[in-house]
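Here is a short guided tour to read alongside the model. Keep the sequence and the 3D view open as you go.

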Amino acid sequence: MDTQVVPMHGRVHQPCAACRMLRRRCDSNCSLAPYFPGEEIEKFAGVHKVFGASNVIKMIQMVEETRREDAVKALVYEARARLRDPVYGCTGAIFHLQKMIEELRSQLESIRSQVLELQQHRDQLLGILMNNVHCLEDDLFSTMHHDPMFGGDL
């Protein structure tokens with residue numbers, strides 16, 4: 001009964017994942033067919049396990065038609081999250097992500113502080129280097145100015 005085919009206006013209609021799983025006849029009026037194609041049975045299986053088919057149908061019908069696709073995506077996401085974490089579901093995932101964001105912010109702040117410190121060290125070293133270059137230039141100029149070999153007077 002897995003591949004039930006019902007003629008639909010001269011075309012062959014494949015049963016949706018919901019009807020396949022529930023072993024029901026899938027007709028052109030099936031409210032789940034647009035959202036759970038026959039080849040995506042695992043998508044419906046999770047939603048069915050968490051919410052139940054009748055509740056899914058009720059929830060989909062409560063949403064205006066233009067937003068039903070998004071509602072189904074949210075149901076699928078929540079079902080998968082509930083199967084992974086039955087207590088917290090999506091909330092657990094959100095909490096985990098917020099914790100990661102805070103840790104990354106802390107790391108970023110630490111790295112910014114290190115960069116600032118390294119820039120200060122670089123500036124100090126450049127200052128020392130420039131000071132030494134000026135001293136060497138002065139010494140060289142002084143030597144050239146006073147040494148007859150360089151045209152200077154002694």
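## M21 and helix α1

With a relative accessibility of 33%, M21 counts as partly exposed. This residue sits in helix α1, and the model it belongs to is a predicted one. Setting aside residues up to four places away in sequence, M21 touches I41, F44, A45 and H48. M21 can also be compared with E42: the two are 21 residues apart in sequence, while their C-alpha atoms are 9.4 Å apart in space.

## The protein as a whole

Let us step back for a moment. The protein has 5 helices and 2 strands, and reading along the sequence gives the pattern β-β-α-α-α-α-α. Of its 154 residues, 23% are buried. If you take the contacts between residues at least 6 apart in sequence, 30% of them join residues at least 24 apart.

## The loop between α1 and α2

Two residues in this loop are worth a visit. R23 is found in the loop between α1 and α2, and R23 is exposed, with a relative accessible area of 59%. Its backbone deserves a look as well: most residues other than glycine have a negative phi. R23 is not a glycine, yet it has a positive phi of about 55°.

F36 lies in the loop between α1 and α2 too. Is F36 buried or exposed? Its relative accessible area is 0%, so F36 is buried. Leaving aside neighbours within four places in sequence, F36 is in contact with C16, A17, A18, K43, F44, V47, V56, I60, V72 and V76. One of these partners, A17, is 19 residues from F36 in sequence and 5.4 Å from it in space, C-alpha to C-alpha.

## Helix α2 and its two sides

Helix α2 spans residues 41-51. Its residues K43, F44, G46 and V47 are buried. Viewed down the axis of α2, the buried residues fall within an arc of 160°, so they line one face of the helix. In general, an α-helix has 3.6 residues a turn, so residues three or four places apart point the same way.

What covers the buried residues of α2? The cover includes α1, α3 and α4. On the face turned away from the buried side of α2 you will find the exposed residues E42 and K49. Just after α2 comes G52, which takes a positive phi of about 90°.

## Helix α3 and its buried face

Helix α3 covers residues 53-62, and A53, V56, I57 and I60 are buried in it. Seen down the axis of α3, these buried residues fall within an arc of 100°, so they line one face of the helix. The buried residues of α3 pack against α1 (17-22), α2 (41-51) and α4. V56 and I60 also appear among the contacts of F36, which ties this helix to the loop residue visited above.

## How α3 meets α4

Two packed helices are described by the angle between their axes and the distance between the axes. For α3 and α4, the angle is about 145° and the axes are 9 Å apart. The crossing of α3 past α4 is right-handed.

Which residues meet here? From α3 come V56, M59, I60 and Q61, and from α4 come R68, V72 and L75. The residues of this contact divide into 5 nonpolar, 1 polar and 1 charged. V72 in α4 is one of the residues in contact with F36 as well.

## E78 in helix α4

Further along α4, which runs over residues 68-84, is E78. Why does E78 count as buried? Buried means under 20% relative accessible area, and E78 counts as buried because its relative accessibility is 19%. Not counting residues up to four places away in sequence, E78 touches F51, G89 and C90.

## The annotated coiled-coil region

The last stop comes from a database record. In an unreviewed entry, UniProt places the feature "coiled-coil region" at residues 94-121. In the model, the chain over residues 94-121 is 100% helix and 0% strand. The C-alpha atoms at the two ends of this stretch are 40 Å apart.

Notes
Residues numbered from 1 in each chain as written. Predicted model: local features only at pLDDT ≥ 70, side-chain atom pairs only at ≥ 80, totals over all residues. Heavy atoms only, no water. Helix = DSSP H or I, 4+ residues; strand = E, 2+ residues; numbered from the N terminus. Buried < 20%, exposed > 50% of the residue type's maximum accessible area, 1.4 Å probe, protein only. Contact = heavy atoms within 4.5 Å. UniProt positions renumbered as here; feature names shortened; annotations may be inferred. Arc of directions from axis to C-beta. Axes fitted to C-alpha atoms, helices over the stretch in contact; angles between N-to-C directions. Left-handed = near helix turned anticlockwise from the far one by under 90°. Nonpolar A, V, L, I, M, F, W, Y, C, P; charged D, E, K, R; others polar.
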